[in-house]
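Dear colleague,

I am handing over the structure below, and my notes on it follow directly after.

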Protein chains: 4
Amino acid sequence: MRLFGARITRLERGLVEISADNRADLEQQDGFVHAGALVTLADSAGGYAALTLLPSGSRVLSVEMKLNFLRPAVGSMIRGRGRIKKMGRTIAVCEIEAMMKQDQKWVICAWGSQTIYCIRN
Amino acid sequence: MRLFGARITRLERGLVEISADNRADLEQQDGFVHAGALVTLADSAGGYAALTLLPSGSRVLSVEMKLNFLRPAVGSMIRGRGRIKKMGRTIAVCEIEAMMKQDQKWVICAWGSQTIYCIRN
Amino acid sequence: MRLFGARITRLERGLVEISADNRADLEQQDGFVHAGALVTLADSAGGYAALTLLPSGSRVLSVEMKLNFLRPAVGSMIRGRGRIKKMGRTIAVCEIEAMMKQDQKWVICAWGSQTIYCIRN
Amino acid sequence: MRLFGARITRLERGLVEISADNRADLEQQDGFVHAGALVTLADSAGGYAALTLLPSGSRVLSVEMKLNFLRPAVGSMIRGRGRIKKMGRTIAVCEIEAMMKQDQKWVICAWGSQTIYCIRN
């Protein structure tokens, strides 16, 4: 996250967005943002989304995540979004997305799911 | 990849490994390497593994990937490995792993699968 | 499908639902419907959803699917739903769900994603 | 399982196989075994594989599963295999496969991963 200069740009119960400016060093040879950068933001947003529904001081661990890459990841900004689909006692399931800002519009470039292990405080 | 100082450390038909030194800026607050760094190396290794089985000048796109995070990602080096399970005409399926070097031993921290779209030259 | 007595109960462009009565032989020892039955309906619904966006006579193949099991699958009816998230030229990505009817309400028991290979006519 | 006439044909610590004869009612219109039948056997084998590493009387729940479909599922018999990759205290990660017997040879038709929640006795 420090790596990206990312910041939380939306925070609701069960929904978090993290955004960063796109930078040359996030891009591959072909000018697309690397899958790993999309995943980093989406995965982080998912973890924070779970934390919004847990007691203060709780911790979360990613058990697994899956992303489909829908469109080329080009644009001036990059954003990850996590939205909790199901919060259980120890397992949360989260919808995760990565978006790019293209011509003033946010476009979904990757979409998928994440399983989170919750260590309640 | 430039971001990581990563280099290809193993290259066989259908199997590629990419390795990098761990660095403070790949780590989260808690000292673990971020999931996104693991994914970047694993996803890249998978793409290169597909390229080893394609005609020179071919291109590959990640359609989707899924990783289970098996163990805390701590250690002095980080490595991604991709191994082709099935190479079709346009779709390749790849086993992907991310490893960390801990006390001179490589330990698998994330394991999963990737679907690759192949644009043959 | 013949196995289940399933029928298409909703058909729109990019969205298909398939429903069946729950039956003793779909259940496991513990009275829950088996994961495989949920997957069968969800996977089929996804494939049909893709077909609604393709020229008549086209064919589809499941490349991969992932489902998170959110709740115990108990109830009087079972339903799979597929909704296309992205239709490309050869690859479609579909959101898939399996639901159970419990006390006159449909409850989502499994949720995930599917990659579909489209052979256009 | 009752539905399939399936039986456990291999049982080791962390590895279970379940096999069944192929039957007309497992097949789709095109003569391929339906994805759901493959998933049922693979998912069940994964759950049993986890049980082999747990105290007697423990229970398991599928948290999620992902399968890539590698080859057309045709043949005289069908088999699911689960092999534990990582057994944690509450979370097990399992490699799952579905195979078909074709001309006396077992061919892997689907391959993937499963996350299992373990309720230890």
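Buried here means under 20% relative accessible area, exposed means over 50%, and partly exposed lies in between (1.4 Å probe, protein chains only). This is a predicted model, in which local features need pLDDT of at least 70 and side-chain atom pairs count only at pLDDT 80 or more, while totals for chains, interfaces and linings use all residues. Residues are numbered from 1 along each chain as its sequence is written, chains are lettered from A and ligands numbered from 1 in the order in which they are written, and side-chain values use heavy atoms, with hydrogens and water left out.

With a salt bridge taken as a side-chain nitrogen of Lys or Arg within 4 Å of a carboxyl oxygen of Asp or Glu, the search of the whole structure finds 32 over all chains. One of them joins R79(A) to E17(A), with the closest N and O atoms 3.4 Å apart; R79(A) lies in strand β4 and E17(A) in strand β2 of chain A, 62 residues apart, where strands are DSSP runs (E, at least two residues) numbered from the N terminus. Both R79(A) and E17(A) are buried, and they belong to a network of salt bridges that also includes R10(A) and E95(A).

In chain D, R10(D) and E17(D) form a salt bridge at 3.3 Å between the closest N and O atoms; R10(D) counts as partly exposed at 32% relative accessibility, whereas E17(D) is buried at 4%. In chain B, the salt bridge between R10(B) and E17(B) is likewise 3.3 Å, N to O.

Best regards

Key. Helix = DSSP H or I, 4+ residues; strand = E, 2+ residues; numbered from the N terminus.
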